[in-house]
Amino acid sequence: MKLDIIVPTFNESESIVEFLKVLKEELKGIDFRAIIIDDSADNTCELAKKYCKNNKIKNKIIHRINEKGKGSAVNTGLKELNAEYGVIIDADLEYHPKYILPMIKLLNKNDLVLSTRLRRDPVYRKLLGYFFKQFVNLLFGFNFDTQSGLKVFKTKPLKNFELRSKNWVFDIELIRYFFNNKLNIGFYKINYNTRKHGKSKIKLFTPFQMFVDIIILKLNFF
Ligand SMILES: Nc1nc2c(ncn2[C@@H]2O[C@H](COP(=O)(O)OP(=O)(O)OP(=O)(O)O)[C@@H](O)[C@H]2O)c(=O)[nH]1
Ligand SMILES: [Mg+2]
């Protein structure tokens, strides 16, 4: 079994080494490759390259200079896939790599497996999440934890797929592709942590940008 693991990074110098260390530990004995798509201005890229080299982690590290956006980075990563199975995971350890293998197991019956977060959020975030889900459900017809930052999938169905969302709604676009093509989607419940190091890339205006982007996605205007 071969795994290609897409990791979008933006100024994650405080997390990347710990992330790669945990990833390697959890995937002991598995043939995997870290595909890191880095848009950082800090030394995330150098740290990742050095750690992979010193610890014999197969890798493809792309440092993009003039491009940005998590969706756009994931799209660059999708083009690099050549393993049977793919993973998309954040670098800040909010999603523990220990969940990757149990999720991959579920690909025997599914084409895409989404992690579903068991939430311990404050009430206002629970409410925001609830309305977000209802809105997505209304427009696209699915009621999943779309924004969870760990997903695993078979790579074959994505051969000719291209993400058009550059930012935070790429998850919905990816899921919509599997959903509309009647591919099987499975779920795996996880506990998730809050970010330990570094800063969130979410800004105050991000929910508004997401709202507009969801409507653009619905209208296929990207
Ligand atoms: N390449 C790339 N990666 C990005 C970009 N924005 C965010 N990321 C990465 O995408 C992942 C998720 O970003 P976060 O800032 O953790 O977003 P979040 O998890 O919703 O927010 P927090 O809960 O505050 O951590 C992290 O690995 C980021 O480094 C970007 O513009 N380019
Ligand atoms: Mg995060």
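## Close-up views of a predicted model

**View 1. The surroundings of ligand 1.** Ligand 1 is surrounded by 20 residues, and the closest are Pro8, Phe10, Ala73, Ser200 and Lys201. Everything shown here and in the views below comes from a predicted model. Three elements each give at least two residues to the shell around ligand 1: strand S1 (2–9), strand S2 (31–38) and helix H3 (70–78). Sorted by class, this shell holds ten charged, six nonpolar and four polar residues.

**View 2. The largest nonpolar core, with Val7 picked out.** Which residues touch the most other members of this core? They are Ile5, Ile6, Val7, Val87 and Val152, out of 49 residues in the core. As general background, nonpolar side chains tend to be buried together in soluble globular proteins. If you follow Val7 and leave aside its neighbours within four places in sequence, you find contacts with Ala34, Ile35, Ile36, Ile89 and Ala91.

**View 3. Strands S1 and S2 side by side.** S1 and S2 pair in the parallel sense, with eight bridges between them. To find your bearings in this pairing, start at Ile5, which stands opposite Ala34 in S2. Strand S2 is largely enclosed by the rest of the structure, because six of its eight residues are buried.

**View 4. Strand S4 between its partners S1 and S6.** Here is a strand to look at from end to end: S4 (residues 85–89) is mostly covered, with five of its five residues buried. Tyr85, Val87 and Ile89 point one way from S4, while Gly86 and Ile88 point the other way, and all are buried. With S1, strand S4 pairs in the parallel sense over four bridges; in this pairing Gly86 is the bridge partner of Asp4. With strand S6 (residues 150–154), S4 runs antiparallel, and five bridges join the two. A handy landmark on the S6 side is Leu150, which stands opposite Ile89.

**View 5. The two faces of helix H2.** Where do the buried residues of H2 sit around its axis? The residues in question are Thr44, Cys45, Leu47 and Ala48, in a helix that covers residues 44–54. Seen down the axis of H2, they fall within an arc of 165 degrees, so they line one face of the helix. A general point helps here: an α-helix has 3.6 residues a turn, so residues three or four places apart point the same way. The buried residues of H2 pack against S1, helix H1 (16–26), S2 and strand S3 (58–63). On the face of H2 turned away from the buried side you will find the exposed residues Lys50, Lys53 and Asn54.

**View 6. Lys56, just past H2.** Lys56 follows H2 and is found in the loop between H2 and S3. If you check backbone angles, note that phi of Lys56 is near 50 degrees, a positive value in a residue other than glycine. Is Lys56 buried or exposed? Lys56 counts as exposed because it has 8 C-beta neighbours inside 10 Å, where 12 or fewer is the cut-off for that class.

**View 7. Asn11 in the loop after S1.** Asn11 lies in the loop between S1 and H1. Asn11 is not a glycine, yet its phi is positive, about 50 degrees. With 17 C-beta neighbours inside 10 Å, Asn11 counts as partly exposed.

**View 8. Helix H6 and the elements around it.** In helix H6 (residues 170–180), the buried residues are Phe170, Asp171, Ile172, Glu173, Leu174, Ile175 and Phe178. What do these residues pack against? The buried residues of H6 pack against two strands and three helices by name: strand S5 (112–118), strand S7 (185–191), H3, helix H5 (123–140) and helix H7 (206–218). Just after H6 comes Lys182, with a positive phi of about 55 degrees.

**View 9. Asn193 beyond strand S7.** Asn193 lies in the loop between S7 and H7. Asn193 has 11 C-beta neighbours inside 10 Å and therefore counts as exposed. Apart from its neighbours within four places in sequence, Asn193 is in contact with Leu93 and Glu94. To see how far the chain travels, set Asn193 beside Leu183: the two are ten residues apart in sequence and 30 Å apart in space, C-alpha to C-alpha.

Terms used. Residues numbered from 1 in each chain as written. Chains lettered and ligands numbered in written order. Predicted model: local features only at pLDDT ≥ 70, side-chain atom pairs only at ≥ 80, totals over all residues. Core = buried A, V, L, I, M, F, W, Y, C linked by C-beta atoms within 7 Å. Buried ≥ 20, exposed ≤ 12 C-beta atoms within 10 Å, placed from the backbone. Contact = placed C-beta atoms within 7 Å. Near = placed C-beta within 6 Å. Nonpolar A, V, L, I, M, F, W, Y, C, P; charged D, E, K, R; others polar. Arc of directions from axis to C-beta. Pairing = 2+ DSSP bridges.
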